Amino acid sequence: NQNKARLALLCVSALYGTNFGCVKVLDEAMSPAMVAALRFSLAAAAFVPLGLSTQFDCDERKAQIIESGVLAGVFCFIGYLGQALSLLSTDASVCAFICSLAVVVVPIIDLMRSSAEVVTGAPPQKKSKLGSAMPPALLAVAGVGLLELGGAHSPGIGDLLALLQPIFFGACFWKVEQTMKKADPIYATGEAHYLTVIMLSTVAICSIAWAMLSEGGASAMATDAWGIFASGGRGLILAALVWTGVVTTGFTTLVENAAMVHLSAAESTVIYSTEPLWAAAFASVALGEHLG
């Protein structure tokens, strides 16, 4: 089961690698806030039927899933918000490298949780594995740095905003792991489905609110969306939205949550550090970009 989960996350990382080309198409057509609103709304709508069919062993567990899903969704949205805003002034390669620091953040969160349990006298939920988790995390960060960083770059506000990515994406992974580790094997698949729907719905609501504030209200947002799809190239825009919404947001989140039953958040983020490799390969094949 663990090997299957690792393989599944590796495939998810490869799918994430296709995001850059699609997001480039979308960002040329609309604002980042509008992209987020449409993308996450589509993702949430596509996977709502899974949540409606979920069964739980007790109402207390269902309430726990809802609470965790909302919190993880808020963490995820803040990470995406930091990513979108940082890309306005920061190179994509630098932003990607900073995002990869999530592999370091997750073990640190584990350590902080263990330390807090010692201070409060609460029974530890699990032993901290910072010593074994940090070497592969640091190695992954170093590898991404060698791939992504180059040339002169002076730190700026964009880099500071980009730091929201590893902090909140890492917190999201950690929260999902904590939730799914408590799943009953009989109900684990259904709980992963329900958690996915709650997370996606939360991110969608936050993204719509961001778009409404950014665009100047619901009516202005609807008018802008209509203008975008009424213009030329709407077929490519729609394809990019469907791919990023249904496949590389909804489907990948579902697979991630299911894999967390068998894997730790620390190991998952190390696997995700391969994303720049897949992104470079996709850009080379699909976009004609050349590897340096």
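**Exercise 1. Place Ile66 and find its distant partners.**

Solution. Ile66 sits in helix α4. Helices are DSSP runs of H or I with at least four residues, strands are runs of E with at least two, and both are numbered from the N terminus. The model is predicted: local features need pLDDT of at least 70, side-chain atom pairs count only at pLDDT 80 or more, and totals for chains, interfaces and linings use all residues. Residues are numbered from 1 along each chain as its sequence is written, and side-chain values use heavy atoms, with hydrogens and water left out.

Step 1: classify the exposure. Ile66 has 31% relative accessibility, so Ile66 counts as partly exposed. The classes are buried (under 20% relative accessible area), exposed (over 50%) and partly exposed in between, with a 1.4 Å probe and protein chains only.

Step 2: list contacts, meaning heavy atoms within 4.5 Å. With neighbours within four places in sequence set aside, Ile66 is in contact with Tyr194 and Ile198.

Step 3: compare sequence and space. Ile66 and Ile198 are 132 residues apart in sequence, yet their C-alpha atoms are 6.4 Å apart.

**Exercise 2. Describe the surroundings of Thr196.**

Solution. Start with the element: Thr196 belongs to helix α10 (residues 188-215). Next, the exposure: Thr196 is buried because its relative accessibility is 1%. Then the contacts: beyond neighbours within four places in sequence, Thr196 meets Gly250, Thr253, Leu254 and Asn257. Finally, the polar partner: the side chains of Thr196 and Asn257 share a polar contact of 2.9 Å. A polar contact is a pair of N or O atoms within 3.5 Å; within protein, one must be able to donate a hydrogen and the other to accept it, and residues adjacent in sequence count only if both atoms are side-chain atoms.

**Exercise 3. Test the length of helix α9 and judge its cover.**

Solution. Take the rule first: the expected span is 1.5 Å times one less than the number of residues. Helix α9 (residues 164-180) has 17 residues, so the expected span is 24 Å; the end C-alpha atoms are 24 Å apart, which agrees. For cover, count buried residues: 14 of the 17 residues of α9 are buried, so the helix is mostly covered.

**Exercise 4. Characterise the aromatic pairs between α4 and α9.**

Solution. A pair of aromatic rings is described by the distance of the centres and the angle of the planes. Rings of Phe, Tyr and Trp (its six-membered ring) pair if their centres lie within 6.5 Å; planes under 30 degrees apart count as stacked, over 60 as edge-to-face and the rest as tilted. This rule gives four aromatic pairs.

Step 1: Phe75 and Phe168 lie 6.0 Å centre to centre with 45° between the planes, a tilted pair. Phe75 is in helix α4 (residues 59-86) and Phe168 in helix α9, 93 residues apart.

Step 2: Tyr80 and Phe169 have centres 5.2 Å apart and planes at 75°, so this pair is edge-to-face. Tyr80 lies in α4 and Phe169 in α9, so the pair ties together parts 89 residues apart in sequence.

Step 3: check burial. Tyr80 is buried at 18% relative accessible area. Phe169 is buried too, at 12%.

Step 4: extend the pair. Phe40, Tyr80 and Phe169 form one aromatic cluster.

**Exercise 5. Trace what Phe173 touches.**

Solution. Phe173 is in helix α9. Its relative accessible area is 15%, so Phe173 is buried. Not counting residues up to four places away in sequence, Phe173 touches Val106, Glu256, Met260, Ala265, Thr269 and Tyr272. Phe173 and Ser264 are 91 residues apart in sequence and 8.9 Å apart, C-alpha to C-alpha.

**Exercise 6. Find the best-connected members of the largest nonpolar core.**

Solution. A nonpolar core is a set of buried Ala, Val, Leu, Ile, Met, Phe, Trp, Tyr and Cys residues joined through side-chain atoms within 4.5 Å. The largest one has 62 residues, and Leu26, Cys172, Val176 and Met180 touch the most other members. Helix α10 gives the most to this core, with twelve residues. Leu26 touches Val35, Ile237, Ala240, Leu241 and Thr244, residues up to four places away in sequence not being counted.

**Exercise 7. Summarise the whole protein.**

Solution. Count elements: 14 helices and zero strands. Count burial: 45% of the 292 residues are buried. Sort contacts: of those between residues at least 6 apart in sequence, 87% join residues at least 24 apart.
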